[in-house]
Amino acid sequence: MTTRRKITPTAAQPQLRVRDSSTSAGFISGSLPGTAPQQPIWACPICTYDNLEEHQSCEMCGVVRDSPAPIHASVPFKFDGPSPDDAILGAVQGSKKPVQGEKLLFFLSPSYVTDSLSLLPANSHARAKSKAAAPTSDSPGNQSKLSDKEHGVSEKLKKSLVLDGDSEDVKESSKQRLQSTSNKGLPLESYKPEPWMMHLGSKTAEKSLLNLVVVGHVDAGKSTLMGRILYSLGRVSHKEMHKNTKEANEMGKGSFAYAWALDEGVEERARGVTITVAVAHFETAKLRVVLLDAPGHKDFVPNMISGASQADAAVLVVDAAEGGFEAGMGAEGRESGQTREHAQLVRSLGVSQLVVAVNKMDEVQYSQERFEEIKRILTPFLRHCGFRDSSVSYVPVSAIAGENLVSTPSDELFRAWYTGKDGTLLDALNRLEPPERDIAKPFRLAVAEVVRSRSLGSAAAGGKVESGAIKIGSKVMVMPSREVGVVKSLEQDGKALQAARAGDGVDIGLQGVDAGVIVPGGVLCHPDYPVPIATRFELRILTLKLAFPMLPGAQVVVHAHHAKEPGTVTNLTALIDAKTGQAVKRSPRCLTSNQSALVEVAPERGLCVQEYIKFRGLGRVVLRSEGRTLAVGIITRIISYQ
């Protein structure tokens with residue numbers, strides 16, 4: 001059995017002992033009978049290993065025998081790989097071993113050194129300062145030489161870290177990655193549009209583009225009305241119409257044949273209601289119309305908000321049948337209908353031109369009295385919503401009979417009192433004026449849907465260009481992920497485009513980004529002028545018909561363009577005089593129906609929005625809760641960013 005005894009020396013000098021040469025280890029504490037003569041040994045002052053007298057250095061740790069090392073010294077610790085200090089030193093000395101540039105620059109930064117010193121104890125901090133200030137072998141002349149040398153090495157190091165790589169793509173991606181970390185980007189005032197953007201689509205012979213949303217109470221006949229117009233204009237073929245009629249009759253829903261030109265989903269046809277926003281295209285004498293058929297059922301109001309946020313004008317379809325119009329307005333103690341709610345929503349989402357299509361006139365025998373009654377009730381209500389009388393027109397129609405849609409009425413009862421001076425529904429649509437487009441602002445497109453097609457690729461988004469212009473080859477940033485990609489294809493109504501400008505509803509195929517980062521409610525924007533991700537913002541709102549007062553801490557669902565996010569009303573800032581816009585009461589305890597106020601809202605996750613004064617399309621907000629619209633408003637200030 002081999003034994004070893006630890007020896008504690010009394011001085012720094014090596015201690016002589018004896019060693020048994022006959023044993024495997026050679027460690028003994030004394031002489032044993034019959035053993036070989038003992039040899040003198042000395043104990044290492046570092047590791048206490050017993051070495052032979054003839055050895056001048058320790059066999060275990062290599063310390064020289066006469067080294068005056070202190071008793072408490074220990075074996076130096078060594079990393080399995082290069083230590084952080086070795087990595088830094090190797091990089092400074094020109095080592096070609098790859099080192100993470102961000103971490104290294106962080107360690108070399110003056111702020112890191114200052115923060116590290118502040119974390120040391122007081123005496124250690126003082127020693128560090130004294131060592132830094134104490135004169136060493138670095139004389140003033142040497143100090144300047146070292147400084148120049150270190151400066152050159154530091155500059156070389158930074159270049160190798162930031163621009164490491166032989167390809168320009170790596171340099172460009174590094175620049176984009178560093179740039180994407182900025183929340184605010186460059187100031188909007190510094191943006192200057194390129195010349196091609198201003199001349200895009202400026203041909204006088206080209207028809208103006210108008211985005212038209214169709215809204216109204218459920219079962220008012222919205223899809224049937226627009227399907228009949230599309231069929232009359234040749235946008236729906238006879239073959240397709242014959243197929244829809246046959247399938248509708250087989251399901252016992254013959255009156256839905258025209259509606260199925262827009263309601264193509266299986267669930268929509270089975271339930272007989274529109275669920276998603278259907279998109280179609282047609283032309284009038286001077287307009288290219290993008291038709292957005294919004295759902296009317298109260299369960300699908302969020303989808304209606306998404307569609308109406310893209311609109312320039314609206315068609316409000318009301319039911320002329322007895323009880324139908326009243327149900328939409330929520331009269332006679334009924335629950336508030338979607339005619340009232342939709343009118344308020346489209347106005348709050350920026351629509352200022354409205355065509356009221358009084359449908360199902362055939363069910364009231366084309367009664368002029370019924371038409372005038374509906375007009376008399378709606379006029380003051382729409383005026384209260386914010387529509388000017390000159391911007392609202394009323395047209396009596398019958399979708400199922402095709403009366404007064406694209407041609408003048410043929411029914412004798414209808415022609416007896418409707419002279420047609422106001423024209424058909426198509427004439428009323430042709431009189432609508434497209435709004436001014438924000439072409440001179442940075443590019444913005446609110447993502448309405450994620451598109452899947454072979455021509456566009458896996459990473460594609462569809463929506464309306466809110467501002468600016470874009471063409472194939474342009475770089476865009478996908479928010480909120482902040483990934484930068486390149487536009488590889490553009491389509492509108494299935495046709496390839498080379499460029500698109502503000503107001504166009506397009507599908508964009510991107511290259512260089514992951515398909516998973518494109519989500520409805522996100523925004524495609526200019527890389528140098530990104531959309532902020534707001535976590536708290538101030539709203540100027542108008543409360544609608546509230547079942548209960550709105551209190552601080554109220555839980556709401558925030559709707560902004562195509563985004564929908566739960567949130568909290570964190571503060572009621574002030575009550576506002578709707579006429580003057582001045583605050584009349586600070587920090588009210590609650591808000592009731594039909595009040596204007598400034599409030600602060602915090603969504604659970606950040607929303608890609610901006611102040612209304614900067615980008616109107618991204619600055620409108622709707623607050624809902626439990627299937628009811630509580631308030632509509634605009635963003636006046638973004639308080640905090642993500």
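Student: What is the mean pLDDT of the chain?
Tutor: The mean pLDDT is 78, and 74% of the residues in the chain reach 70 or more. This is a predicted model.

Student: Where does pLDDT stay under 50?
Tutor: Two such stretches are residues 68-77 and residues 91-182. For residues 68-77 the model has 7 contacts beyond four places in sequence. For residues 91-182 it has 41 contacts of that kind.

Student: OK, helices. Is H11 enclosed or not, and why?
Tutor: Helix H11, residues 301-308, is largely enclosed by the rest of the structure, because 6 of its 8 residues are buried.

Student: Which ones are buried?
Tutor: Val301, Met304, Ile305, Ser306, Gly307 and Ala308 are the buried residues of H11.

Student: And what do they pack against?
Tutor: The buried residues of H11 pack against four strands and a helix: strands E4 (208-216), E6 (287-293), E20 (555-560) and E25 (620-625), plus H13.

Student: How many residues of H13 are buried, then?
Tutor: In helix H13, residues 338-348, 9 of the 11 residues are buried, so the helix is mostly covered. Among the buried ones are Gln338, Glu341, His342 and Leu345.

Student: What follows H13?
Tutor: Glycine 350 follows H13, and its phi is positive, near 100°.

Student: Switching to lysine 222. Where is it?
Tutor: Lysine 222 lies in helix H8, which covers residues 222-232.

Student: Buried or exposed?
Tutor: Lysine 222 is buried, and it has no salt bridge.

Student: Why no salt bridge?
Tutor: The nearest side chain of opposite charge is that of aspartate 293, 6.0 Å away. A salt bridge needs the nitrogen and the carboxyl oxygen within 4 Å, so this pair does not qualify.

Student: What polar atom lies 3.4 Å from the lysine 222 side chain's polar atom?
Tutor: That is the backbone oxygen of glycine 216.

Student: Which residues does lysine 222 touch?
Tutor: Leaving out residues up to four places away in sequence, lysine 222 touches Val214, Val215, Gly216, His217, Asp293, Ala294, Pro295, Gly296 and Val317.

Student: How many salt bridges does the structure hold?
Tutor: The structure holds 16 salt bridges. One of them is between arginine 235 and aspartate 493, with the closest N and O atoms 3.5 Å apart.

Student: Where do those two sit in the chain?
Tutor: Arginine 235 is in the loop between H8 and helix H9 (238-250). Aspartate 493 is in the loop between strand E14 (483-492) and strand E15 (495-497). The pair links distant parts of the chain, 258 residues apart.

Student: How accessible are they?
Tutor: Arginine 235 counts as partly exposed at 45% relative accessibility. Aspartate 493 is partly exposed too, with a relative accessible area of 43%.

Student: What about glutamate 538 and arginine 637?
Tutor: Their side chains meet in a salt bridge, 3.6 Å from N to O. Glutamate 538 lies in strand E19 (residues 533-543) and arginine 637 in strand E26 (residues 628-641), so the pair ties together parts that are 99 residues apart in sequence.

Student: Buried or exposed, that pair?
Tutor: Glutamate 538 is buried, with a relative accessible area of 11%, whereas arginine 637 is partly exposed at 38%.

Student: Which residue forms a salt bridge with glutamate 611?
Tutor: Lysine 614 does, and the closest N and O atoms are 3.8 Å apart. Glutamate 611 is buried, with a relative accessible area of 11%, and lysine 614 counts as partly exposed at 36%.

Student: Which residues do shared partners join into one network?
Tutor: Asp312, Arg437 and Lys464 are joined into one network by salt bridges that share partners.

Student: How many disulfides does the structure hold?
Tutor: It holds 0 disulfides. For cysteine 525, the nearest cysteine sulfur is that of cysteine 608, 7.8 Å away. Cysteine 525 is buried, with a relative accessible area of 0%.

Student: Last one: where is asparagine 594?
Tutor: Asparagine 594 is in the loop between strand E22 (583-586) and strand E23 (596-603). With a relative accessible area of 53%, asparagine 594 is exposed.

Student: What does it touch?
Tutor: Asparagine 594 touches Leu542, Thr543 and Leu544, not counting residues up to four places away in sequence. Asparagine 594 and leucine 544 are 50 residues apart in sequence, and their C-alpha atoms are 5.2 Å apart in space.

Conventions: Residues are numbered from 1 along each chain as its sequence is written. This is a predicted model: local features need pLDDT of at least 70, side-chain atom pairs count only at pLDDT 80 or more; totals for chains, interfaces and linings use all residues. Side-chain values use heavy atoms; hydrogens and water are left out. Buried means under 20% relative accessible area, exposed over 50%, partly exposed in between (1.4 Å probe, protein chains only). Lys and Arg count as positive and Asp and Glu as negative; His and the chain ends are not counted. A polar contact is a pair of N or O atoms within 3.5 Å; within protein, one must be able to donate a hydrogen and the other to accept it, and residues adjacent in sequence count only if both atoms are side-chain atoms. Contact means heavy atoms within 4.5 Å. A disulfide is a pair of cysteine sulfur atoms within 2.5 Å. pLDDT is the predictor's confidence in each residue, from 0 to 100.
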